[in-house]
Amino acid sequence: MSSIAKLLEQFLAHPFKNLAAIITAAVTSFFVVRAIYRVTFHPLVRFPGPKLRAISHLPHAFSGERGRQPYDVRELHKKYGPVVRICPNQLSFITPGSWEDIHGHAATKKLLKYGYFKVRPDAQPMLTTSGEEHSRQRSAFAHGFSQRAISEQSPTLTAHVDNLIAMLEQKVKQESVFDVGEWMRFLAFDIIGDFTLNTQFECVKNQRYHPWVALLMKWFRAVSFVTNANAFGQLAPFIMLFAPVEHLKGVKDHLDMSAQKVRERLAIGDDPTRNDLWTYLLRNKGDKALSLGEMEVNAALFIIAATEPLSDVLCGTLYFLALYPEVREKLRAELESCMGSDDALTMANTARSPYLHAVINESMRMYPPIPGGMRRKTPPQGHTISGIEIPPDTVVAVYQLAAFTLPNNFARTDQFIPERWLPADHPERPKDTLGDHQDVFQPFSVGPKNCIGKGLAYAEMKLIIARFACAFDCKVVDDGFAIDKQTAYLFRDRPPLKLEVKMRKVS
Ligand code: HEM
Ligand SMILES: *[C@@H]1O[C@H](CO)[C@@H](O)[C@H](O)[C@H]1NC(C)=O
């Protein structure tokens, strides 16, 4: 009794100091109890992974801050197997079938996107919508991305690629070693500005980024900062104190400028001489028609979605072609045979080259442009993924770099072997690659929310790579582009791709 009285007396002597001690003790025991729960009774305890990751979000968030998340997750899969608990409430999968079970048609009805944030309060682009709203928007744009629409893009696309090759032919006369990656980004922006915004960015012509483009590049970094900060949970507001705010504000400018361009384009109306995205969209009437706000935010999304991943794949492919001259020679030989009587490489004849397709796939396998995972959350009734029962409210994703580059799914995984993408009965298909789990390779995702620009992206990449590979000889000059040393945030934080570029010697 007297000891309690004594304690009380001591407490009252220093009320604030003691209150602070009690709060500290309470908060500490909350974290301790939660940590113990997360490694004992939590529904995810049966999944392998490091204890620290089961207890706390911090390891994954720090790994994200350093831009090394995809690489760190790959290390975890190497050690713990094809399903790993990478955060207290998150699993990463690299199993065959996991794409379909997480992103396929049936799954999309149940698993919602997780960790995507909305950019404008009044209208959302298709990327951040779901259900009916998503399918309405998606079908409104579908015609604009159809095979037919892509073929109609051929003259515009060809003109941009011609321009690039002509500019580079001038460039190599003055300077042979330069950052080829920058040119790939110039081109990607020029093409998409033309197709979706009725705008000539003229990055290639001016050999520099249009101010709009420069703004976006800073914004990519800022967004990944916010995404990582969210992983800190309750601590996020403190982390946000360090956010690169002026770059985040850039999104407002981007949205405003895109909206302005869309309105200018709509004022022109259905113009038969144009075959951009809006030509197709304006044909939607009634229910299917989009609101002005929806058109504006989607236009802003296209610019972002269509440039970074595309120029990453172009860089990856040119890098591998420079490292593997024998692949480049074989590619040239095949392209020349596809050309036939056309006498030039076109969108139509490059589409017919299986080896070109194989080269692009193999470089996306080794250098996926979206190396991390696109997160979804399991519904209240739980969900089955690759035959495994996953508890409710679990965040799940396929981490692409891990899925594409571990021996679980591919033979001789760190070797660049385009032949592995040839048909199984093709004489050049290496026997040891017949067991590759090709269905795990889904750089564009699968299901109703996969990439709407997949066909356009392949058409662009094929024409650009074919033209470049047949016009120039390239050599890697340093290890600045070494792929395993790179960092990635929302997209890759791509270092310069320094190549020695010369006009091709035709013997
Ligand atoms: C190599 C190039 C590309 C890759 C690897 C790629 C990859 C992807 C992936 C993985 C998604 C799913 C995102 C998610 O679930 O969060 C996606 C969505 C999307 N992509 Fe691409 N993309 C590429 C090029 C393009 C191009 C050229 C466009 C053209 C405008 C485009 C437009 C979109 C759009 C609008 C979405 C959202 C679709 C929806 O939510 O229904 N992408 N892309
Ligand atoms: C390349 O990969 C895509 C997945 O993006 C797949 O559908 C296609 O069959 C592959 N093609 C070749 C030739 O490897």
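1. Let me start with a small spot. Leaving aside neighbours within four places in sequence, threonine 384 is in contact with Asp101, Glu389 and Ile390; two residues are in contact if their C-beta atoms, placed from the backbone, lie within 7 Å. Threonine 384 sits in strand E6 (residues 383–385), where helices (H or I, at least four residues) and strands (E, at least two) are DSSP runs numbered from the N terminus. Threonine 384 is exposed, with 11 other C-beta atoms within 10 Å. The cut-offs are these: a residue is buried if 20 or more other C-beta atoms lie within 10 Å of its own, exposed if 12 or fewer, and partly exposed in between, with C-beta atoms placed from the backbone. From threonine 384 to isoleucine 102 the C-alpha distance is 9.0 Å, although they are 282 residues apart in sequence.

2. A word on what you are looking at: this is a predicted model, in which local features need pLDDT of at least 70 and side-chain atom pairs count only at pLDDT 80 or more, while totals for chains, interfaces and linings use all residues. Residues are numbered from 1 along each chain as its sequence is written, and chains are lettered from A and ligands numbered from 1 in the order in which they are written.

3. Now the whole chain. The protein chain has 23 helices and 12 strands. Its C-alpha atoms fill a box of roughly 105 × 55 × 50 Å along the principal axes. The radius of gyration is 26 Å, which agrees with the value near 23 Å for a compact globule of 507 residues; the radius is taken over C-alpha atoms, and the globule rule is 2.2 Å times the number of residues to the power 0.38. Of the 507 residues, 40% count as buried. Among contacts with a separation of 6 or more, 73% join residues 24 or more positions apart.

4. Helix H10 (residues 154–174) is a nice one to look at. Its 21 residues reach 31 Å from first C-alpha to last, close to the 30 Å expected at 1.5 Å a residue; the expected span is 1.5 Å times one less than the number of residues. Which residues of H10 are buried? They are Leu157, His160, Val161, Leu164 and Leu168. These cover an arc of only 95° around the axis, which puts them on the same side of H10; the arc is that of the directions from the helix axis to the C-beta atoms. An α-helix has 3.6 residues a turn, so residues three or four places apart point the same way. On the other side of H10, Pro155, Asp162, Glu169, Gln170 and Lys173 are exposed. The buried residues of H10 pack against helices H11 (180–197), H12 (203–206), H20 (347–350) and H23 (454–471).

5. Helix H21 (residues 354–366) has 13 residues, and its end C-alpha atoms are 18 Å apart, in agreement with the 18 Å expected at 1.5 Å a residue. Of its 13 residues 10 are buried, so H21 is largely enclosed by the rest of the structure. Those buried include Tyr355, Leu356, Glu362 and Arg365. They pack against H18 (292–323), H19 (325–339), H20, H22 (400–405) and H23.

6. On to the ligands. Of the 23 residues around ligand 1, Ala305, Ala306, Pro309, Cys451 and Gly453 come nearest; a residue is near a molecule if its C-beta atom, placed from the backbone, lies within 6 Å of it. H18 and H23 are the elements that give two or more residues to this shell, and H18 gives the largest share, seven residues. By class, the shell around ligand 1 has 18 nonpolar, three polar and two charged residues. Here Ala, Val, Leu, Ile, Met, Phe, Trp, Tyr, Cys and Pro count as nonpolar, Asp, Glu, Lys and Arg as charged, and the others, Gly among them, as polar.

7. Around ligand 2 are Pro354, His357, Ala358, Asn361, Trp421, Phe441, Pro443 and Phe444. This shell divides into six nonpolar, two polar and no charged residues.

8. Finally, two backbone angles to check by eye. Most residues other than glycine have a negative phi. Serine 386, in the loop between E6 and strand E7 (388–390), has a positive phi of about 50°. Serine 445, in the loop between H22 and H23, has a phi near 65°. Serine 386 counts as partly exposed, with 17 C-beta neighbours inside 10 Å.
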